[in-house]
Amino acid sequence: MELTNGRYSIQGVDILDVVNEFGAPLYVYDFQKMERQYKRLVNAFPDVRMKALYACKALTNINVLKHFRKMGAGLDTVSIQEVWLGLKAGFKPEDIVYTPNCVSFEEIQMAVKEGVKINIDNISILEQFGNAYGGTVPVCIRINPHILAGGNPKISTGHIDSKFGISIYQMRHLQRVIASSGILVEGLHMHTGSDILDIDVFLRGAEVLLQTAKEFPNLKSIDFGSGFKVPYKPNDASTNIEELGAKLSERVLEFIGEYGREVEIHFEPGKFMVSESGYFFVRTNVIKTTTATVFAGVDSGQNHLIRPMFYDAYHHILNVTNPQGTERFYTVVGYVCETDTFAWDRKMNEVREGDILVFRNAGAYAFSMSSNYNSRFRPAEVAIQNGKAHLIRRRENLDDLLATQMEMDI
């Protein structure tokens, strides 16, 4: 998003014109930014066979899925519903990896019927899988490397108390289950957490996975997960993808030499792909001054963007309407009927009632985690592509709230 002559724009499209056309609150995505992020990751691994799988839980709008499919990405899914969306978006089953957690075996069987790649992270489920399919359906195994990584305990998934993955200390048990049922393991996987900044931590997890891989002779792929940190604040640090690519590629090539044949490496970024492409626009309803605080109350809340309240996440906020106003301090709050705070004591250009504010980095885990709490409608979504604004999800209405409800005679 660029500021030119006092007006913000994306790909040359005036933002205030977009908000005036489609209304607020409003999610807007820069599709060119998604493409740049995808190419940046792919270009960081020129010396090895690498495939990027978009972790669609970050943002599942079907137009986003189609955009990544067109660029050549695969799809990382965590539910049968995401599998169905991926197939609907045109992904081939072999380009979809299904990595559920704590789901029923019946759901896994549904995924098998769809022909997608199955990733199992539970010995109990693996035993059931072996009993049902033996070696007729290949699987990938998710390993827990017991490495604490991630910027928040709620998004750290590779530590010893995590519910995700099969512990590396259960390898003998795992191997017995595989051998007894003749299970064909064609892939290994790990995901240690999100917002990982320290490349060495990531490489330690990768080393655990590569050492474990030597125990499986039929691997076609090794999936290192993702968790790359993106910058949320101005001048914020982020994962150096190019440095990671150089160091990990060198180690993978060494491993391939030891393993005796080539394997494809996978990454499954979600936030890295779409976070910075997303912008959430809201309208200021009221400026309320108390004895201690100046509140800017907007026409949205945690029902539309829950990350600040759920993760204590920082989203940079700009005044789109008054970008050159005098800077003042505001606590930005929503309209949900409970404590609903987006930002405390944030320094911003003067905010007036009616001004449009924008939350940056609203592409990942923003709309996808939205709800109808307080019976509020979810916002519209707009894609900016090739210098044009496209409505890709209309704003909800009362009929949408009632669509799945069945009235009874009372």
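**Exercise 1. An unusual backbone angle**

In which strand is the place of Asp345? Find the strand, then describe the backbone and the exposure of this residue in the predicted model.

*Solution.* Step 1: locate the residue. Asp345 sits in strand β18, which covers residues 341–349.
Step 2: look at the backbone. The phi of Asp345 is positive, about 45 degrees, although Asp345 is not a glycine. Most residues other than glycine have a negative phi.
Step 3: judge the exposure. Residues over 50% relative accessible area count as exposed. Asp345 has 52% relative accessibility, so it counts as exposed.

Now try a second case: where does Asn374 lie? Asn374 is in the loop between β19 (356–360) and β20. Asn374 also has a positive phi, about 65 degrees, and is not a glycine. With a relative accessible area of 32%, Asn374 is partly exposed.

**Exercise 2. A cis peptide bond**

Work out what surrounds the peptide bond that joins Ala24 and Pro25.

*Solution.* Step 1: check omega. Omega is about -5 degrees, and the bond is cis. Most peptide bonds are trans.
Step 2: place the two residues. Ala24 lies in the loop between α1 (15–22) and β4 (26–30), and Pro25 is in the loop between α1 and β4 as well.
Step 3: list the contacts. Leaving aside neighbours within four places in sequence, Ala24 is in contact with Val19, Phe281, Val282, Arg283, Asp299 and Arg395.

**Exercise 3. One face of a helix**

Which residues of helix α4 (residues 80–88) are buried, and why do they line one face of the helix?

*Solution.* Step 1: name them. The buried residues of α4 are Ile80, Glu82, Val83 and Gly86.
Step 2: look down the axis. The buried residues of α4 fall within an arc of 155 degrees, so they line one face of the helix.
Step 3: recall the helix geometry. An α-helix has 3.6 residues a turn, so residues three or four places apart point the same way.
Step 4: find the cover. The buried residues of α4 are covered by elements including α3 (62–71), β6 (74–77), β7 (96–98) and α5 (105–114).
Step 5: step past the end of the helix. Just after α4, Gly90 has a positive phi of about 100 degrees.

**Exercise 4. The nonpolar cores**

Describe the largest nonpolar core, using Phe129 as an example.

*Solution.* Step 1: take the count. The largest nonpolar core holds 100 residues, and Phe129 is one of those with the most contacts inside it.
Step 2: find the main contributor. Helix α9 (residues 241–259) gives this core its largest share, 7 residues.
Step 3: zoom in on Phe129. Its contacts, apart from neighbours within four places in sequence, include Phe105, Ile108, Val112 and Ile118.
Step 4: look elsewhere. A second, separate core has 21 residues, among them Val13, Leu26, Ile356 and Ala380.

**Exercise 5. A pocket and its lining**

How many residues line the second largest pocket, and how do they divide by type?

*Solution.* Step 1: count the lining. There are 18 lining residues, of which Lys117, Pro138, Cys140, Glu186 and Ser221 lie nearest the centre of the pocket.
Step 2: sort them. The lining divides into 7 nonpolar, 4 polar and 7 charged residues.
Step 3: trace the strands. At least two lining residues come from each of β8 (117–120), β9 (139–144), β11 (185–189), β12 (221–223) and β13 (264–267).
Step 4: add the volume. The second largest pocket has about 340 Å³ of space.

Notes
Residues numbered from 1 in each chain as written. Predicted model: local features only at pLDDT ≥ 70, side-chain atom pairs only at ≥ 80, totals over all residues. Heavy atoms only, no water. 1 Å grid on protein atoms, 1.4 Å probe; cavity = no way out; pocket = protein on both sides within 12 Å on 5 of 7 lines; lining within 4 Å. Points joined across faces, edges and corners; volume = space filled by probe spheres on them. Helix = DSSP H or I, 4+ residues; strand = E, 2+ residues; numbered from the N terminus. Nonpolar A, V, L, I, M, F, W, Y, C, P; charged D, E, K, R; others polar. Core = buried A, V, L, I, M, F, W, Y, C linked by side-chain atoms within 4.5 Å. Buried < 20%, exposed > 50% of the residue type's maximum accessible area, 1.4 Å probe, protein only. Contact = heavy atoms within 4.5 Å. Arc of directions from axis to C-beta.
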